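Please open the structure in your viewer and keep the sequence panel beside it, so that each selection can be followed in both places. The tour moves from the whole chain to a few chosen residues.

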Amino acid sequence: MRRLFFGISTALASLALLLPSGSTAITTNGYHGSTDAGGLIAFGAKFNAKGKPIRVQALRWANVPASCSGSPYQHSGELTLTMRVNRKGRFHGSKKLPIGDAKVAIAGRFKRHNKRAVGAFRLHGSIAGCSDADTGKLGWEMTKKH
């Protein structure tokens, strides 16, 4: 029982780190989830008056596994990346990290009346502590948190 509590509290603390401090969009319409490889990922979404998503913003990730010169490596970070959502609920975008030469690319789509989102994430390039980091193409899945 103690181990279960510790595991749950650790997971909740990790998700709390993903919440941006100043962004109301991600706290009121935030999506939180994980990648296929076990890292955490989150973003905010803006909706129109009819409840359709129109923008994805404030991307954050934590403990996303990557390879660094063939060795395991975990990366956490955030980007101010704004992506428009099309009529089919799809979005995509990429941006270089502010430090280093790494590039983050994300693509996804909203599902189940915008309660869930799925897609792909990739980080590759030079980051602090690693000159050739690469996560490969990782799938992710998130649920909406109010």
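Before selecting anything, keep in mind that a residue is called buried under 20% relative accessible area, exposed over 50%, and partly exposed in between. The model on the screen is a predicted one.

Begin with the whole protein chain, coloured by secondary structure, where two helices and ten strands can be found. Followed from the N terminus, the elements run α-α-β-β-β-β-β-β-β-β-β-β. Of the 146 residues in the chain, 40% count as buried.

Next, select Cys68 and Cys130, whose sulfur atoms lie 2.1 Å apart and form a disulfide. Because Cys68 sits in strand E3 (residues 53-68) and Cys130 in strand E9 (residues 130-134), this pair ties together parts that are 62 residues apart in sequence. The link of Cys68 and Cys130 is right-handed, with 120 degrees about the S-S bond, and both cysteines are buried. The disulfide count for the model comes to one.

Now turn to the charged side chains, among which the count of salt bridges comes to four. Select Arg116 and Glu141, whose side chains meet in a salt bridge at 1.7 Å, N to O. This pair links distant parts of the chain, with Arg116 in strand E8 (residues 116-127) and Glu141 in strand E10 (residues 138-145), 25 residues apart. Is Glu141 buried, exposed or partly exposed? Glu141 has a relative accessible area of 40%, and therefore counts as partly exposed.

Stay with strand E8 and select Arg122 together with Asp134, where another salt bridge is formed at 2.8 Å, N to O. Asp134 lies in strand E9 and Arg122 in strand E8, so the pair ties together parts that are twelve residues apart in sequence. Both ends are partly exposed, Asp134 at 24% relative accessibility and Arg122 with a relative accessible area of 33%.

A further salt bridge appears on selecting Lys96 and Asp101, whose side chains meet at 2.9 Å, N to O. Here Lys96 counts as exposed, at 51% relative accessibility, whereas Asp101, with a relative accessible area of 46%, is partly exposed.

For the last stop, show the surface and select Arg87, Lys88, Arg90 and Arg109, which form a positive surface patch. Within this selection, Lys88 is found in the loop between strand E5 (83-84) and strand E6 (90-96), and Lys88 is exposed, with a relative accessible area of 69%.

Definitions and conventions:
Residues are numbered from 1 along each chain as its sequence is written. This is a predicted model: local features need pLDDT of at least 70, side-chain atom pairs count only at pLDDT 80 or more; totals for chains, interfaces and linings use all residues. Side-chain values use heavy atoms; hydrogens and water are left out. Patches are made of residues with over 30% relative accessible area and no salt bridge: like charges are joined within 9 Å, nonpolar side chains (Val, Leu, Ile, Met, Phe, Trp, Tyr) within 5 Å. Accessible areas come from the Shrake-Rupley method with a 1.4 Å probe; for residues, only the protein chains shown count as cover. Lys and Arg count as positive and Asp and Glu as negative; His and the chain ends are not counted. The place of a charge is taken as NZ of Lys, CZ of Arg, CG of Asp or CD of Glu. Helices (H or I, at least four residues) and strands (E, at least two) are DSSP runs, numbered from the N terminus. Buried means under 20% relative accessible area, exposed over 50%, partly exposed in between (1.4 Å probe, protein chains only). A disulfide is a pair of cysteine sulfur atoms within 2.5 Å.
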